[in-house]
Amino acid sequence: MNAFVLSGGGNRGAVQAGALLALLERNIRPNLIVGTSVGALNGVALAANPTIEGARYIAEHWRRVRRTDIFPGNPLTVGWRLLMGRGSLHGREGFARFLRLMLPAGTERFADLRIPCIVTATELNSGRLRIFGTDPREPLADAIMASTAIPPFFPPYRYGDEWLVDGAVVANLPLAQAISRGARHIYALNIVDQAAPPIALSLGQTMSFALSAMISRQDEQERQLIALGRRRGLAIHDIRLPVDRLLPYNDFSNSAALIDAGYRATAAYLDMHMAPPAPRYAWLLTRLREAIRALAARRATAT
């Protein structure tokens with residue numbers, strides 16, 4: 001079983017859109033998708049249409065999105081939210097609109113997806129993972145809104161009696177969810193920060209860096225899980241998608257460049273680590289060649 005596992009990465013999620021294009025163009029298709037944070041958004045969108053057309057649909061919406069679509073307002077409105085005790089720098093209304101655009105019409109619950117998809121969030125009180133997708137009746141929008149509720153940018157998300165925040169707080173690359181469900185070939189699309197020079201940072205960059213530092217501590221655990229999985233005979237493709245660490249959290253102007261970068265990084269990985277797929281009906285061509293060689297040998301013997 002093939003599984004795609006998509007990490008968190010905030011506004012750099014466009015890089016995963018390029019990676020998905022590269023995978024689907026090479027006819028590498030998932031039977032299961034696991035995603036957290038922005039990887040949950042991209043993963044659910046692909047699970048709704050797990051084809052090259054579906055990957056292009058995701059990339060096109062990333063190309064169109066602008067800062068004001070997700071984070072309307074200005075520093076004054078952010079300051080006003082803080083003074084009013086809203087608990088986050090931004091409201092979630094803009095992201096909710098973008099979410100609805102990413103999902104095809106009629107795609108509302110996990111039962112509507114064409115392939116299974118698991119979305120992870122974090123229970124605010126206990127710090128445990130909250131898994132969406134095992135119940136096909138659960139709404140997709142609630143799962144994605146919970147998985148992307150990253151503090152302090154978005155407020156915690158209430159689902160029933162639960163208060164949930166971004167899944168990346170506990171597991172930025174939820175490989176264990178794919179392994180426990182029987183995946184044998186895993187393509188991990190992991191958004192990673194490039195090193196940044198020590199310079200004066202804005203408040204937004206400081207908060208982004210602090211979150212990145214917290215999440216990067218999980219990287220060692222993920223590397224250990226990859227090594228363990230490989231020792232168990234699993235094919236885990238660790239496709240690292242480097243992005244500019246200095247990109248402000250609310251800057252979407254580089255989405256097109258990120259899509260191209262994700263495509264190139266994934267294509268380069270596949271060229272280096274994977275043999276090209278065999279031609280269709282390759283077994284039949286092999287049999288024909290063997291038959292021709294046998295016939296030629298018999299004729300040579302007869303003469």
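Which residue, with a positive phi, follows H1? The residue is Asn27, and its phi is near 65 degrees. The structure described here is a predicted model, in which local features need pLDDT of at least 70, side-chain atom pairs count only at pLDDT 80 or more, and totals for chains, interfaces and linings use all residues. Residues are numbered from 1 along each chain as its sequence is written, and side-chain values use heavy atoms, with hydrogens and water left out.

The protein chain holds 11 helices and eight strands; helices (H or I, at least four residues) and strands (E, at least two) are DSSP runs, numbered from the N terminus. Of the 303 residues in the chain, 48% are buried. Here buried means under 20% relative accessible area, exposed means over 50%, and partly exposed lies in between (1.4 Å probe, protein chains only). Among contacts with a separation of 6 or more in the chain, 78% join residues 24 or more positions apart, a contact being heavy atoms within 4.5 Å.

Helix H1 (14-25) makes a good place to start. Its 12 residues reach 17 Å from first C-alpha to last, close to the 16 Å expected at 1.5 Å a residue; the expected span is 1.5 Å times one less than the number of residues. H1 is mostly covered, with 11 of its 12 residues buried. These buried residues include Ala14, Gln16, Gly18, Leu20 and Leu23, and the buried residues of the helix pack against strand S1 (2-6), H2, H3, strand S7 (185-193), S8 and H10.

Within H1, Leu20 counts as buried because its relative accessibility is 1%. Beyond residues up to four places away in sequence, Leu20 touches Phe4, Leu6, Leu46, Ala55, Ile58 and Leu189. Leu20 also lies 8.4 Å from Ile52, C-alpha to C-alpha, although 32 residues separate the pair in sequence.

Two residues other than glycine with positive phi come next. Asn27 sits in the loop between H1 and strand S2 (32-36) and is exposed, since its relative accessibility is 54%. Ser37, with phi near 55 degrees, belongs to the loop between S2 and H2. In contrast to Asn27, Ser37 is buried, because its relative accessible area is 7%.

Helix H3 (residues 52-64) has 13 residues and should therefore span 18 Å at 1.5 Å a residue, which agrees with the 19 Å between its end C-alpha atoms. Ile52, Gly54, Ala55, Ile58, Ala59, His61 and Trp62 are buried in H3. Packed against the buried residues of H3 are helix H1 (14-25), helix H2 (38-48), helix H6 (93-102) and helix H10 (255-273).

In soluble globular proteins, nonpolar side chains tend to be buried together. The largest nonpolar core of this model has 66 residues, and Phe4, Leu23, Trp62, Phe95 and Phe132 have the most contacts inside it. A nonpolar core is a set of buried Ala, Val, Leu, Ile, Met, Phe, Trp, Tyr and Cys residues joined through side-chain atoms within 4.5 Å. Apart from the largest core lies another, of 15 residues, among them Val5, Leu175, Ala188 and Ile226. Leaving aside residues up to four places away in sequence, the residues that Phe4 touches include Leu20, Leu23, Arg29, Pro30, Leu46 and Tyr187.

Two further loops deserve a look. Phe252 is placed between strand S8 (235-243) and H10 and is buried, since its relative accessible area is 6%. Apart from neighbours within four places in sequence, Phe252 is in contact with Asn11, Trp62, Val65, Arg66, Arg67, Ile70 and Phe71. Of these partners, Ile70 is 182 residues from Phe252 in sequence and 9.2 Å away in space, C-alpha to C-alpha. Ser126, in the loop between strand S3 (117-123) and strand S4 (129-132), counts as partly exposed because its relative accessibility is 35%.

Finally, a search of the whole structure finds one cavity of 30 Å³ or more. On a 1 Å grid over the protein atoms alone, a cavity is a set of points where a 1.4 Å probe fits but cannot get out, and lining residues have an atom within 4 Å of a point. Grid points are joined across faces, edges and corners, and a volume is the space filled by probe spheres set on the points. The largest cavity holds about 40 Å³ and is lined by Arg92, Phe95, Met145, Thr148, Ala149, Phe154 and Pro155.

Notes
On a 1 Å grid over the protein atoms alone, a cavity is a set of points where a 1.4 Å probe fits but cannot get out, and a pocket is an open set with protein on both sides within 12 Å along at least five of seven lines; lining residues have an atom within 4 Å of a point.
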